[in-house]
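The exercises below ask you to read contacts, burial and geometry from a single model. Try each task on the structure before turning to its solution.

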Amino acid sequence: MTFDRSIKIAPSILAADFANFGAECAAVEAQGADWVHVDVMDGHFVPNISFGPTTCAAIRPHIKGIMDVHLMIAPVDPYIDAFAQAGADFITAHVEAGPHIHRTLQAIRGAGAKAGVALNPGTPASAVEHLLDITDLVCVMTVNPGFGGQKFIDMTDKIKTLRAMIGDRPVHIEIDGGVDVNTAPTVAKAGADVLVAGSAVFRGGSVTNPGPYGDNIRAIREAASGVYV
Ligand code: DX5
Ligand code: ZN
């Protein structure tokens with residue numbers, strides 16, 4: 001996996017048909033998705049429950065490219081090996097999920113996955129300042145995590161601060177929550193390269209009518225790329 005800062009669209013399967021994950025993953029990839037974003041929620045760190053490592057393992061054979069697993073769970077460490085064995089390429093943990101995020105990121109890399117760190121809207125960029133050399137991705141939440149389809153919260157200043165902090169390091173900036181054609185330009189311009197989008201990608205389509213997925217992905221990519229500097 002080579003590092004680059006081109007715009008990558010990562011549909012969140014939280015907005016997919018839960019009875020049809022395999023086909024949904026294949027459909028969004030066939031329609032131009034770069035990564036597939038997989039939201040794991042525990043009903044404890046966030047007020048919603050989605051699914052766990054067994055589901056991730058079941059989905060894996062249906063994804064040709066990157067499986068990007070976003071853990072909204074606490075604690076994280078006891079489950080890292082299970083998600084790595086499920087075939088996650090990226091495993092992202094929240095800085096707010098426990099007192100030892102540095103150890104968690106080391107453990108994720110130790111398990112053979114790329115290590116991501118996520119920041120809730122209320123958490124400053126400085127929380128990851130001393131983690132950037134052991135991190136492959138910083139996920140800036142632009143909603144309070146737990147649910148798809150929420151309104152975008154503007155984190156432009158935080159994204160710009162992170163972009164400057166990261167400098168030449170091979171660390172992705174991912175934006176998660178409320179990304180659509182209207183908000184993608186702002187976050188891309190501020191320095192983001194991975195755009196997670198759930199409702200804005202899956203809206204209007206289905207596995208039997210996947211064309212709208214492609215239209216939605218192209219529209220977000222074009223909106224973001226037009227202003228990317
Ligand atoms: C929020 C999740 C997001 C979410 C994105 O807790 O981490 O990935 O599903 O969904 P939209 O794009 O609908 O805001
Ligand atoms: Zn997510």
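**Exercise 1.** Which residues is V194 in contact with, leaving aside its neighbours within four places in sequence?

*Solution.* Begin with the place of V194, which lies in strand β8; helices (H or I, at least four residues) and strands (E, at least two) are DSSP runs, numbered from the N terminus. Next, collect its contacts, a contact being a pair of heavy atoms within 4.5 Å: beyond four places in sequence, V194 meets K8, A10, W35, H172, I173, E174 and I175. One of these partners, A10, is 184 residues from V194 along the chain, yet their C-alpha atoms are separated by 6.8 Å. Finally, V194 counts as buried because its relative accessibility is 0%, where buried means under 20% relative accessible area, exposed over 50%, and partly exposed in between (1.4 Å probe, protein chains only).

The model is predicted, so local features need pLDDT of at least 70 and side-chain atom pairs count only at pLDDT 80 or more, whereas totals for chains, interfaces and linings use all residues. Residues are numbered from 1 along each chain as its sequence is written, chains are lettered from A and ligands numbered from 1 in the order in which they are written, and side-chain values use heavy atoms, with hydrogens and water left out.

**Exercise 2.** Is V196 buried or exposed, and which residues does it contact beyond four places in sequence?

*Solution.* V196 is found in strand β8, and with a relative accessibility of 2% it counts as buried. Its contacts outside the four-place window are A10, S12, H37, E174, I175, D176 and V179. For a distance across the sequence, take V196 and V38, which are 158 residues apart along the chain and whose C-alpha atoms are separated by 9.9 Å.

**Exercise 3.** Where is T142 placed, and which backbone oxygen does its side chain reach?

*Solution.* T142 belongs to the loop between β6 (137-141) and α5 (156-166), and its relative accessible area of 0% makes it buried. Its side chain reaches the backbone oxygen of G177 at 2.6 Å; a polar contact is a pair of N or O atoms within 3.5 Å, where within protein one must be able to donate a hydrogen and the other to accept it, and residues adjacent in sequence count only if both atoms are side-chain atoms. Apart from neighbours within four places in sequence, T142 is in contact with K151, F152, I153, M155, I175, D176 and G177.

**Exercise 4.** Which residues come nearest to ligand 1?

*Solution.* Count as near any residue with a heavy atom within 4 Å of the molecule; of the 20 residues around ligand 1, those that come nearest are D39, G146, D176, G198 and S199. Now examine the oxygen atoms of the ligand: one is 2.7 Å from an N or O atom in the side chain of D39, and one is 2.6 Å from an N or O atom in the side chain of D176. The backbone also takes part, since a backbone N or O atom of G198 lies 2.7 Å from an oxygen atom of ligand 1. Taken alone, ligand 1 exposes 380 Å², of which the protein buries 99%, with areas from the Shrake-Rupley method and a 1.4 Å probe; for residues, only the protein chains shown count as cover.

**Exercise 5.** What span should helix α8 have, and how far apart are its end C-alpha atoms?

*Solution.* The expected span is 1.5 Å times one less than the number of residues. For the 15 residues of α8 (residues 211-225) this gives 21 Å, which agrees with the 21 Å between the end C-alpha atoms. The buried residues of α8 are P212, Y213, G214, N216, I217, I220, A223 and A224, and what covers them includes β1 (8-11), α1 (21-30), α6 (184-190), β8 (194-197) and α7 (199-202). Of these buried residues, follow I220, which touches I9, V179, D180, V181, A184, L195, A197, A200 and V201 when residues up to four places away in sequence are not counted.

**Exercise 6.** The peptide bond from A74 to P75 is cis or trans?

*Solution.* P75 is found in the loop between β3 (66-72) and α3 (80-85). The bond from A74 to P75 has omega near -5° and is cis. For context, most peptide bonds are trans.
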